[in-house]
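Biologist: Got a minute to walk me through this one? I'd like to start with a single residue and work outwards.

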Amino acid sequence: MLMPLDPSRHRLAAARSNRQQGVVLLVALIVLVALTLAGVALVRSVDTANLVAGNLSFHQTAVQAGERSTEMALNNWLQPNSVMGNTTLHNDATGYVAAGSAQSPAAGQSWDAYWAAVVAGGVTPSAGGTDAAGNTVQYIVHRLCATTGAPHLANCAREPASTNTGGSQSAGGLAPIGNNRVYYRITTRIAGPRRTVAYIQTIVAL
């Protein structure tokens, strides 16, 4: 004999089934949101890594351009004008400061502010303009002397005297050898793409 179905029991089972489906939907939505956030974070991480790598590449290219400019200043200006009898380096010229011992940024002054002030003085020539990578390079040469004029009268920074090791000795021991080479400071500024700015300083003795 078949027993009639209890309508209340049927409704209870249906309600439980609906609640379970609602819980599954909620869990699925939470998992979907979590996966979406993880995907966004991954994309941003990759973009940041690419941006950092690109910035490092631009900076390295700027440094290489600055090194070429330093070589240009040394080979095209300093060495040709430092030969015996040439007095060009005794006085200021375009891109060259003969008395540059104090020519540095003041306390609290940034290099960009200092460079802008020097540019306003008209001593910053373009070293080849803008290269193929988009870098604009400029340099300034400072002779590390207190005043202008001949080096022996201008109180210039010089290399320390070396010691004579060739066998010649004085009564007090080894005889020092005087050194007439003067220090020069080459400051190069490179302005490249993506607001890349780099400075390179080189000290040479001639």
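**Around His90**

Modeller: Leaving out residues up to four places away in sequence, His90 is in contact with Ala98, Arg143, Thr148, Gly149, Ala150 and Pro151. Keep in mind that this is a predicted model.

Biologist: Where does His90 lie?

Modeller: His90 is in the loop between H1 and strand S1 (96–97).

Biologist: And is His90 buried or exposed?

Modeller: Its relative accessible area is 18%, so His90 counts as buried, the cut-off being under 20%.

Biologist: OK, pockets. How much space lies in the largest pocket?

Modeller: About 390 Å³. The largest pocket is lined by 18 residues, and His90 is among the closest to its centre, along with Ser82, Val83, Pro151 and Asn180.

Biologist: What classes of residue make up that lining?

Modeller: Eight are nonpolar, seven polar and three charged.

Biologist: Switching topic: which residues touch the most other members in the largest nonpolar core?

Modeller: Trp77, Leu78, Leu89, Tyr96, Val141, Tyr184 and Ile186, out of 16 residues in that core. H1 (7–81), S3 (136–143) and S8 (183–192) each supply at least two of the core's residues, and H1 gives the largest share, with four. Another core lies apart from it, with six residues including Ala62, Ile190, Ala198 and Ile200.

Biologist: Last thing: what's the mean pLDDT of the chain?

Modeller: The mean is 77, with 72% of residues at 70 or more.

Biologist: And where does pLDDT stay under 50?

Modeller: Over residues 167–177, a stretch with 14 contacts beyond four places in sequence in the model.

How values were computed
Residues are numbered from 1 along each chain as its sequence is written. This is a predicted model: local features need pLDDT of at least 70, side-chain atom pairs count only at pLDDT 80 or more; totals for chains, interfaces and linings use all residues. Side-chain values use heavy atoms; hydrogens and water are left out. On a 1 Å grid over the protein atoms alone, a cavity is a set of points where a 1.4 Å probe fits but cannot get out, and a pocket is an open set with protein on both sides within 12 Å along at least five of seven lines; lining residues have an atom within 4 Å of a point. Grid points are joined across faces, edges and corners, and a volume is the space filled by probe spheres set on the points. Ala, Val, Leu, Ile, Met, Phe, Trp, Tyr, Cys and Pro count as nonpolar, Asp, Glu, Lys and Arg as charged, and the others, Gly among them, as polar. A nonpolar core is a set of buried Ala, Val, Leu, Ile, Met, Phe, Trp, Tyr and Cys residues joined through side-chain atoms within 4.5 Å. Buried means under 20% relative accessible area, exposed over 50%, partly exposed in between (1.4 Å probe, protein chains only). pLDDT is the predictor's confidence in each residue, from 0 to 100. Contact means heavy atoms within 4.5 Å.
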